[in-house]
Amino acid sequence: MSPRAPVPPPAARPPSASDDVDRAVAVLRAGGLVALPTETVYGLGADAANELAVRRIFAVKGRPSTHPLIVHLSGAGALESWATAVPEGARRLAEAFWPGPLTLVLLRTARASDAVTGGQPTVALRVPAHPLALEVLARLGGGVAAPSANRFGGVSPTSAEHVRADLGPEVDFVLDGGPCAVGVESSIVDFSSGSPALLRPGGVSREALERVLGVLVPTRSEGGPRAPGTLPSHYAPRAGLVLAPREALAARAAALAASGRRVAVLGQLDGLPAGVVAYPVPEDAVGFARELYATLRAIDEAGFDVIVAAPPPPEGLGLAVRDRLERAAAPRKSGGG
Ligand code: TXA
Ligand code: MG
């Protein structure tokens, strides 16, 4: 009988995705913060049942504690334990788009704490479409409260490196799931007052929502529940952002460069003046959304003063890209974060 190859001791095994999932679950159970990959952006997660852990999210992000968080679930089966009433339309959207880039705002049960909801009578729920996040959620057996894993007001992270650059050692563990496939945050649909309203355009297009519901889904940004992603100045890079129609981009860039500023253009463009640097992004809305945040970050890293960009047409994911560009271009209070 030939001797069998010795089984290597655990420490000698190369780290694997499943070791990382084990670690993420252990850190969450112990009340720590884990950066979780999702298909939209990376989230800064805590066990939603642990109020102290949830409060640390706000401290690390520098986010006001009255701004509610999304609770991430492993499947729609958990809906009833978090929401008192699930309207038919909400159920249909969950069936059509979960796991996926859709967040539902519903009336909450006692399971959703004030720490998570900012004291509001509603809770935001989502099932993310990323295999590692789903595994962590299934293993934890509860909800993970998670905002985007960036400093308040800044550009959301679409890679593990972005999270580390923003939050560094303040996150207990970064679960690296590669670059995010969608690249902009989830669409938020509020059902808490009966008929659906779009609080934030995102990874599921308004057209797709309306197709499934068979009714129009109006945008509601005023008078509804507080949502920091709907503040005018948000999702902002450090550099200033100037929007212009595509045909006027080169002229705007030239004027800004002539005034002595270091100018980057978001997109591929012929005829740019000397000194202005183009950062190409895909022309289709899906590709633009996927590359948007990483490109804004790359421009910031290169030290430009101002970014000139043309918003895409407001169809499909173009609506979400426009929304983020417009908010990033809005007048800022100091800091931004
Ligand atoms: O794609 C996403 O939604 C990502 C990933 C990590 O899931 N998360 C994300 O979270 O973008 P955050 O916190 O950056 O943005 C969530 C938005 C905020 O604008 C928040 O105010 C809003 O959802 N929100 C949360 N709970 C709410 C509620 N009960 N009513 C209305 N808006 C709510
Ligand atoms: Mg955010």
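Two strands are taken to pair if DSSP finds at least two bridges between them, and by this criterion strand β11 (residues 263-266) and strand β13 (residues 306-309) are paired in the parallel sense, over four bridges. Within this pair, V265 has V308 of β13 as its bridge partner. The structure described here is a predicted model, and its chain is divided into domain 1, covering residues 17-213, and domain 2, covering residues 240-329.

The pairing of β11 with β13 belongs to an open sheet of four strands, which has the order β10-β13-β11-β12 and parallel pairing. The edge positions are taken by β10 (240-243) and β12 (277-279), each of which has a single partner strand, so that one side of each is left without a neighbour in the sheet. Neighbouring strands of this sheet are turned against each other by 30° on average, direction ignored. Two helices lie across the strands β10, β11 and β13: helix α9 (residues 249-258) does so while running at about 165° to β13, and helix α11 (residues 318-329) does so while running at about 125° to β10.

A further open sheet is made up of nine strands in the order β7-β1-β2-β6-β3-β5-β4-β8-β9, and its pairing is mixed. Here β7 (173-174) and β9 (197-200) stand at the edges, and because each has a single partner strand, one side of each remains without a neighbour in the sheet. Among the pairings is that of strand β4 (residues 102-107) with strand β8 (residues 187-190), which run parallel and are joined by four bridges; in this pairing, the bridge partner of V105 is D190 in β8. Helix α2 (residues 51-61) lies across β2 (43-47) and β6 (144-145), and runs at about 155° to β2.

Salt bridges, for which the cut-off is a nitrogen-to-oxygen distance within 4 Å, come to a count of 17. One of them is formed by R126 with E39, the closest N and O atoms of the two residues being 2.8 Å apart. Because R126 lies in strand β5 (residues 122-126) whereas E39 lies in the loop between β1 (34-36) and β2, this pair ties together parts that are 87 residues apart in sequence.

With respect to the arrangement of the two domains, the C-alpha centres of domain 1 and domain 2 lie 29 Å apart, and 23 residues of domain 1 are in contact with 14 residues of domain 2. The area buried between domain 1 and domain 2 is about 1400 Å², of which 58% is given by carbon and sulfur atoms. On the side of domain 1, the residues that lose the most area to domain 2 are V155, V184 and P201, which together account for 35% of what that side buries.

Polar interactions are also present between the domains, with seven residue pairs in polar contact between domain 1 and domain 2 and two salt bridges across their interface. Elsewhere in the description of side chains, R297 and D166 meet in a salt bridge with an N to O distance of 3.0 Å. The side of domain 1 that touches domain 2 draws at least two residues from each of α7 (160-167), β9 and α8 (206-213).

Methods. Residues numbered from 1 in each chain as written. Chains lettered and ligands numbered in written order. Predicted model: local features only at pLDDT ≥ 70, side-chain atom pairs only at ≥ 80, totals over all residues. Heavy atoms only, no water. Contact = heavy atoms within 4.5 Å. Axes fitted to C-alpha atoms, helices over the stretch in contact; angles between N-to-C directions. Domains from an automatic or database assignment. Buried area = accessible area lost by both parts, 1.4 Å probe. Polar contact = N/O pair within 3.5 Å; in protein donor to acceptor, adjacent residues only side chain to side chain.
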